[in-house]
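Here are a few short exercises to try with the model open on your screen. Have a go at each task before you read its solution.

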Amino acid sequence: MPSPEPAVSAGTLLRMDRVTVRFDQLVALEDISFAMSAGETRVVLGAAGSGKTTLLKTALGLIRPDAGRVFLFGRDITDLEERAMYEIRSQVGVLFQEGGLFDSITVAENVAYPLVNGKERVITTAKIDQRVEDALRFVELEHTLEKYPSELSGGMRRRVGIARAVVTQPPLVLYDSPTAGLDPITANTIMALIAKERDLQNTATLIVTQRYQDGQLMANFRYNRNSGHLEPISRNGDVRDHGSNLRPTTFMVMKEGRVVFEGSEAELEASTDRYIGKFVPKRA
Amino acid sequence: MLEFLKPPVEAIQDFYSLAGLALRNVFRAPHYTDDIALQMDIIGVGSLPIIVLTGFFSGVVITMQMSRALAQYGATGQVGQIVAITLVRELGPVLTALLVAGRNASGIASELGSMKVTEQIDAMRALGTDPIQKLVTPRMLATCVMLPMLTIIADFVGIFGGYVIAYFTLNLTSSQYWTNAYQALEYNDIVQGLLKPFVFAFVISLVGCFYGLRTSGGTQGVGRATTQAVVVASVWVFVITALLTRIFVNLT
């Protein structure tokens with residue numbers, strides 16, 4: 001499908017322009033273009049090996065594209081020196097597939113890591129401790145401060161990962177398969193946390209996942225800060241909650257390194273493509 | 001046609017760029033002194049027991065073997081000289097380096113390798129830390145400080161091991177052995193005995209880090225990286241000692 005030139009606006013946080021990534025002979029990403037603006041939610045669906053993780057790492061500048069350009073917060077990071085990249089990266093939260101926690105340090109130290117080592121330094125230890133505690137309370141794990149990541153379950157590790165990703169309150173958070181390998185109940189807890197972070201902080205959210213339910217939840221539910229629960233958004237688009245900044249969720253489907261679909265939930269469900277049909281159950 | 005040369009040439013290039021970055025970071029902030037101290041403890045203090053044991057017994061063995069050859073010339077009294085020179089010039093540095101390569105190059109490669117496959121290295125970069133600054137440079141510095149120290153200890157314990165044999169089975173007097181050993185050593189011997197471990201330290205730590213950071217392919221890849229690191233580090237220890245010995249032999 002032809003990729004339209006993404007519009008550049010002041011609020012564009014992340015933009016990819018005809019990005020191609022190759023590993024030796026293998027093409028991991030081919031001609032990817034898209035733009036994400038502030039507060040936007042974007043769900044990338046795709047089978048294993050379709051280039052989802054590569055997309056996310058390229059967006060962060062962890063992988064350099066072989067062709068095309070990547071813009072983060074309006075700055076071209078394609079050829080940026082690694083050291084100069086740290087400052088830009090510190091404005092992005094990221095959750096890696098298995099959490100990516102450092103196993104040699106405690107949960108509290110893990111969550112404090114972006115504050116202690118990042119460019120945006122919080123000066124006093126008391127302030128750091130406070131923010132670490134807040135972040136861990138957000139994921140309801142404030143009792144695990146002194147534990148090591150190896151002592152936690154898979155779901156808890158993922159939650160600590162989220163706490164670490166959001167502790168700096170970044171305007172953009174990237175989630176790499178947040179529910180992979182988790183049971184449905186834990187997966188729901190994780191997705192609820194991601195929606196909560198999005199709606200409380202109004203963060204732009206990019207989720208890469210294999211489960212269509214994750215995207216559905218992001219598109220159709222909203223965290224109500226009064227009740228403290230997720231609430232469904234009615235189908236005709238008006239929001240029961242008084243939040244006015246809610247924007248429709250965009251879906252992208254990837255296949256073998258290419259974007260084969262980009263559009264809204266309704267368009268996705270209406271698609272007749274067989275590959276897309278494998279992810280999206282037809283609405284009864 | 002020369003396609004088969006590409007991977008090794010690329011590997012060498014990657015190794016040199018890693019070495020260059022690690023060295024450059026020595027003079028650049030931020031300095032992770034906690035990590036350096038921790039690595040010194042793991043590499044230096046952790047290797048001490050095995051270094052003392054092997055050092056002692058290598059001295060014992062050299063004395064026993066050499067006394068037999070020396071007895072033919074009625075020169076058993078000179079055994080201290082032989083023990084001191086072989087240990088200080090060659091065996092002390094090489095044995096210590098091989099043990100540290102086996103113990104720490106593998107440890108470094110497997111630790112960094114597991115961090116690589118569980119995306120901790122990526123997480124580190126994403127969170128604004130240079131993995132080379134945080135992981136490679138402290139290990140390199142710690143090894144460079146600790147390996148010469150371990151070598152000095154191994155040398156001394158080895159000469160002491162020789163003394164035990166010389167005193168109890170060859171019936172030499174203490175002063176005979178120690179004077180002979182002490183007087184045999186020249187400035188040149190000491191310099192090469194301390195320069196060698198310093199060079200080995202770079203090779204061992206950087207090879208360990210290099211294979212660790214290159215790990216791919218899950219837990220199996222970690223095992224492979226570990227093995228490669230030990231083999232490559234050990235081979236380079238022998239190659240470098242041959243080169244350095246050649247230089248120093250000419251200097252005398």
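Two residues are in contact if their C-beta atoms, placed from the backbone, lie within 7 Å. This is a predicted model, where local features need pLDDT of at least 70, side-chain atom pairs count only at pLDDT 80 or more, and totals for chains, interfaces and linings use all residues. Residues are numbered from 1 along each chain as its sequence is written, with chains lettered from A and ligands numbered from 1 in the order in which they are written.

**Exercise 1.** Find the residues that Ile204(B) touches, not counting those up to four places away in sequence.

*Solution.* Start with Ala97(B), Val100(B), Ala101(B), Asn104(B) and Ala105(B), which are among the partners of Ile204(B). Then add Thr143(B) and Ala233(B) to finish the list.

**Exercise 2.** Place Ile204(B) in the largest nonpolar core.

*Solution.* First, the terms: a nonpolar core is a set of buried Ala, Val, Leu, Ile, Met, Phe, Trp, Tyr and Cys residues joined through C-beta atoms within 7 Å. Buried means that 20 or more other C-beta atoms lie within 10 Å of a residue's own. Next, the core has 132 residues, and Ile204(B) is one of those touching the most other members, along with Val111(A), Ala163(A), Val207(B) and Ala233(B). Finally, helix α3 (residues 79–117) of chain B gives the most to this core, 17 residues; helices here are DSSP runs (H or I, at least four residues), numbered from the N terminus.

**Exercise 3.** Describe chain B as a whole.

*Solution.* Count the elements: eight helices and zero strands (a strand is a DSSP E run of at least two). Now check burial: 45% of the 252 residues of chain B count as buried.

Definitions and conventions:
Buried ≥ 20, exposed ≤ 12 C-beta atoms within 10 Å, placed from the backbone.
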